[in-house]
Amino acid sequence: MTTTNIESKVPIQKIDEAVIRFAGDSGDGMQLTGSEFTSNAALFGNDLATFPDFPAEIRAPAGTLPGVSAFQVRFSSQDVFTPGSQPDVLVAMNPAALKVHLPDLKKGGILIANTAAFEKRLSLQQAGWETNPLEDEAILQGYRVIQVDLNKLTRDTLEDSPLDARARMRCKNFAALGVCFWIYSRDMTSTINGINAKFGKKNPDVAAANIAVLNAGYNYAETVELLDHHLQVEKAKLPPGKYRNIMGNQAVALGLIAAAKLAKLDLFYGTYPITPASDILHHLARHKSEGVITFQAEDEIAAVASAIGASFGGALGVTASSGPGIALKGEALGLAVMTELPLV
């Protein structure tokens with residue numbers, strides 16, 4: 001299924017800017033969903049800023065508060081300098097996501113909740129809810145609540161898909177994305193092209209499934225008329241030129257390569273994979289032709305020690321981590337200080 005938007009019967013209200021926050025378990029694909037919406041907004045011509053929010057714990061249990069992953073994007077027809085503090089729209093894929101992020105949602109804001117995740121008592125208990133918050137008017141008073149069974153919508157859409165049940169359910173984040181595209185009257189052509197470019201050759205079944213669910217989310221919102229009007233953010237008046245959509249980790253990788261070139265040093269990057277720092281390794285590993293050496297160590301301690309050794313040998317020694325990984329590197333960081341060896 002490769003159709004894009006259907007012609008909407010709902011009127012459009014133009015606004016200057018909007019902030020959307022996608023939140024759910026680490027396995028719900030919130031970073032991908034946010035990135036896809038960001039790319040769509042960038043290609044349309046909005047000015048924007050994003051804030052990916054990863055769990056602080058390593059492999060936090062599914063459905064718990066520490067395991068919530070989120071991605072916020074602010075897009076505007078005017079200059080944007082921050083990703084915003086309070087979302088206008090919160091997509092809550094499970095009870096834990098609602099618990100963590102509901103206090104930030106603006107009064108009068110839109111809450112999109114995946115009702116399927118709120119049906120299990122265990123999920124509610126893990127998130128600290130005594131009762132189902134979607135059934136408590138006192139908790140949700142002052143918000144525009146949109147309840148959608150994204151699980152069922154995904155299952156029904158992919159009933160004939162060759163993917164197994166688990167792979168099908170991984171697509172439900174695109175149903176949420178489709179709903180958001182409908183709310184903000186976005187053209188989905190660029191997103192569909194991006195899905196085909198990413199998955200089309202290697203796994204066409206995954207590409208077809210994601211596109212089908214994306215369209216299903218959009219068409220569902222249009223069919224039931226979730227709101228009495230669309231919202232629309234116009235293009236920003238940006239100076240003419242070439243623009244690049246870049247994330248912080250990619251910018252760090254390019255900056256390190258440039259620094260090594262200017263210092264006339266080899267760049268050595270020793271690391272152990274940990275979200276969200278892993279992307280730095282992914283980007284640097286593509287630049288072997290620029291004299292970049294990447295080393296994936298067996299643990300965090302070995303990673304930082306290898307970078308210190310590279311520095312001792314005259315290279316630009318670099319390592320990266322996040323959260324608990326930094327704590328594991330503490331002793332070796334002290335070693336670098338004592339031996340007065342440069343370490344990034």
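**View 1. Helix 1 gives the most to the lining of the largest pocket, with eight residues.** In this predicted model, the largest pocket holds about 820 Å³ of space, and its lining is made up of 26 residues, among which Q31, L32, S35, M247 and D279 lie nearest the centre of the pocket. The elements that give two or more residues to this lining are helix 1 (30–44), helix 8 (189–199), helix 10 (248–263) and helix 11 (278–284). Sorted by residue class, the lining divides into 15 polar, eight nonpolar and three charged residues.

**View 2. The largest nonpolar core of the predicted model has 49 residues.** The residues with the most contacts inside this core are F37, I112, I183 and Y184, while the largest share of the core by element, 10 residues, comes from helix 9 (residues 204–224). As background to this view, nonpolar side chains in soluble globular proteins tend to be buried together.

**View 3. I112, one of the residues with the most contacts inside the largest nonpolar core, is shown with its contacts from elsewhere in the sequence.** When neighbours within four places in sequence are left aside, the residues in contact with I112 are V89, L90, V91 and A92, together with I146, V179, C180 and I183. Of these partners, I183 is itself named among the residues with the most contacts inside the core.

**View 4. A second nonpolar core, separate from the largest one, consists of 20 residues.** Its members include V68, A127, L134 and Y143.

**View 5. C171 and C180 are shown in a model whose disulfide count comes to zero.** C171 is in no disulfide, and the nearest cysteine sulfur to its own, that of C180, is 17 Å away. C180 is likewise in no disulfide, with the sulfur of C171 as the nearest cysteine sulfur at 17 Å. Because a disulfide calls for a pair of cysteine sulfur atoms within 2.5 Å, the separation of 17 Å leaves C171 without such a partner. C171 counts as buried, at 3% relative accessibility, and C180 is also buried, with a relative accessible area of 0%.

**View 6. L316 lies in strand 11 (residues 316–318) and is shown with its contacts from elsewhere in the sequence.** With neighbours within four places in sequence left aside, L316 is in contact with L256, A260, L265, D266, L267, F268 and V344. L316 counts as buried because its relative accessibility is 18%, where the cut-off for buried is under 20%. For a longer reach across the model, the C-alpha atoms of L316 and R74 are separated by 36 Å, the two residues being 242 residues apart along the chain.

**View 7. S185, which is not a glycine, has a positive phi, near 50°.** S185 is found in the loop between helix 7 (172–183) and helix 8. At 22% relative accessibility, S185 counts as partly exposed, because that class takes in values between the buried limit of 20% and the exposed limit of 50%.

**View 8. K264, although not a glycine, has a positive phi of about 55°.** K264 is found in the loop between helix 10 and strand 9 (267–271). The relative accessible area of K264 is 76%, and K264 is therefore exposed, the cut-off for that class being over 50%.

Technical notes. Residues are numbered from 1 along each chain as its sequence is written. This is a predicted model: local features need pLDDT of at least 70, side-chain atom pairs count only at pLDDT 80 or more; totals for chains, interfaces and linings use all residues. Side-chain values use heavy atoms; hydrogens and water are left out. A nonpolar core is a set of buried Ala, Val, Leu, Ile, Met, Phe, Trp, Tyr and Cys residues joined through side-chain atoms within 4.5 Å. Buried means under 20% relative accessible area, exposed over 50%, partly exposed in between (1.4 Å probe, protein chains only). Helices (H or I, at least four residues) and strands (E, at least two) are DSSP runs, numbered from the N terminus. Contact means heavy atoms within 4.5 Å. On a 1 Å grid over the protein atoms alone, a cavity is a set of points where a 1.4 Å probe fits but cannot get out, and a pocket is an open set with protein on both sides within 12 Å along at least five of seven lines; lining residues have an atom within 4 Å of a point. Grid points are joined across faces, edges and corners, and a volume is the space filled by probe spheres set on the points. Ala, Val, Leu, Ile, Met, Phe, Trp, Tyr, Cys and Pro count as nonpolar, Asp, Glu, Lys and Arg as charged, and the others, Gly among them, as polar.
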